[in-house]
Amino acid sequence: MLRAPRQRDIPAWFARATDVESASLAGDPVPDDMSAGERWLARSRQRLADGKAIQWSIDRASEAIGTITLSFATDAKAAALGFVLARAHWGQGLGSEAAREVIRYAFETLALDQLTAEAVTRNVASLRILAKLGFKHVESFVDESDGEHCERFALDADAGTSLLASQA
Ligand SMILES: CC(C)(COP(=O)(O)OP(=O)(O)OC[C@H]1O[C@@H](n2cnc3c(N)ncnc32)[C@H](O)[C@@H]1OP(=O)(O)O)[C@@H](O)C(=O)NCCC(=O)NCCS
């Protein structure tokens, strides 16, 4: 289930954010202390209010196990997709399920023209999810901030909606 992030998600967010391997795969900074959780929630809510992003908490059995985010481009009906799950829930199809749900929302409800996504080249699970959901490889690049080899993908609305229909 996807829902808006809330205050009591902060401890679970902090546990995920301080998983060094997960943060490195996602290209996220590792926070120093729990106060970063308040900033995460405030930023998430502010970006929603500003129309810059929608972030959902992913719930399973009433536990917040991850987040999935659409970050909107300024000049087009496009958004970047990003997701993070707690390690205990990796490899059970939950990342694919959440991504499929958000892709459907992006094209059917928000009527976006395109979704984009980036992943570090060593992030096999992420690359697999994007390929399964129909994202096409756009280019390889090196992240100048850390020298990581990365891949960029895009999914157009036509391809996305017909793939979702065929997988329904
Ligand atoms: C990326 C992430 C969200 C994936 O979620 P998940 O629920 O574990 O992924 P799923 O189980 O839905 O699917 C992963 C797919 O990758 C495959 N996969 C995972 N690890 C793999 C590996 N090392 N080698 C080959 N395939 C692998 C799985 O078999 C599955 O493919 P399948 O459906 O064809 O069997 C999760 O691993 C995560 O949070 N990682 C850390 C943060 C991160 O990397 N975020 C993404 C930034 S772009």
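Author: Two strands pair if DSSP finds at least two bridges between them. Strands are DSSP runs of E with at least two residues, helices are runs of H or I with at least four, and both are numbered from the N terminus. This is a predicted model, in which local features need pLDDT of at least 70, side-chain atom pairs count only at pLDDT 80 or more, and totals for chains, interfaces and linings use all residues. Residues are numbered from 1 along each chain as its sequence is written.

Reader: What is the order of the seven strands in the open sheet?

Author: Strands of a sheet pair through backbone hydrogen bonds, either parallel or antiparallel. In this open sheet the pairing is mixed, and the order is S1-S2-S3-S4-S5-S7-S6.

Reader: Which strands stand at the edges?

Author: Each edge strand has a single partner strand, so one of its sides is left without a neighbour in the sheet. The two edge strands are S1 (2-3) and S6 (136-142).

Reader: Which residue stands opposite Ala80?

Author: S4 and S5 pair in the parallel sense over three bridges. Opposite Ala80, in S5, stands Thr116.

Reader: Which element supplies the largest share of the largest nonpolar core?

Author: A nonpolar core is a set of buried Ala, Val, Leu, Ile, Met, Phe, Trp, Tyr and Cys residues joined through C-beta atoms within 7 Å. This core has 29 residues, of which Ala99, Val102, Ala106 and Leu115 touch the most other members. Elements that each supply at least two residues include strand S2 (53-60), strand S3 (63-72) and helix H4 (94-109). The largest share, six residues, comes from H4.

Reader: Is Ser62 buried or exposed?

Author: A residue is buried if 20 or more other C-beta atoms, placed from the backbone, lie within 10 Å of its own, exposed if 12 or fewer, and partly exposed in between. Ser62 lies in the loop between S2 and S3, and its phi is positive, near 65 degrees. Because Ser62 has 6 other C-beta atoms within 10 Å, this residue is exposed.

Reader: Which element gives the most residues to the shell around the ligand?

Author: A residue counts as near the ligand if its C-beta atom, placed from the backbone, lies within 6 Å of it. Of the 22 residues around the ligand, Leu25, Gly95, Ser96, Ala125 and Arg128 come nearest. Helix H2 (20-26), S4, H4 and H5 give two or more residues each. The element that gives the most, with six residues, is H5.
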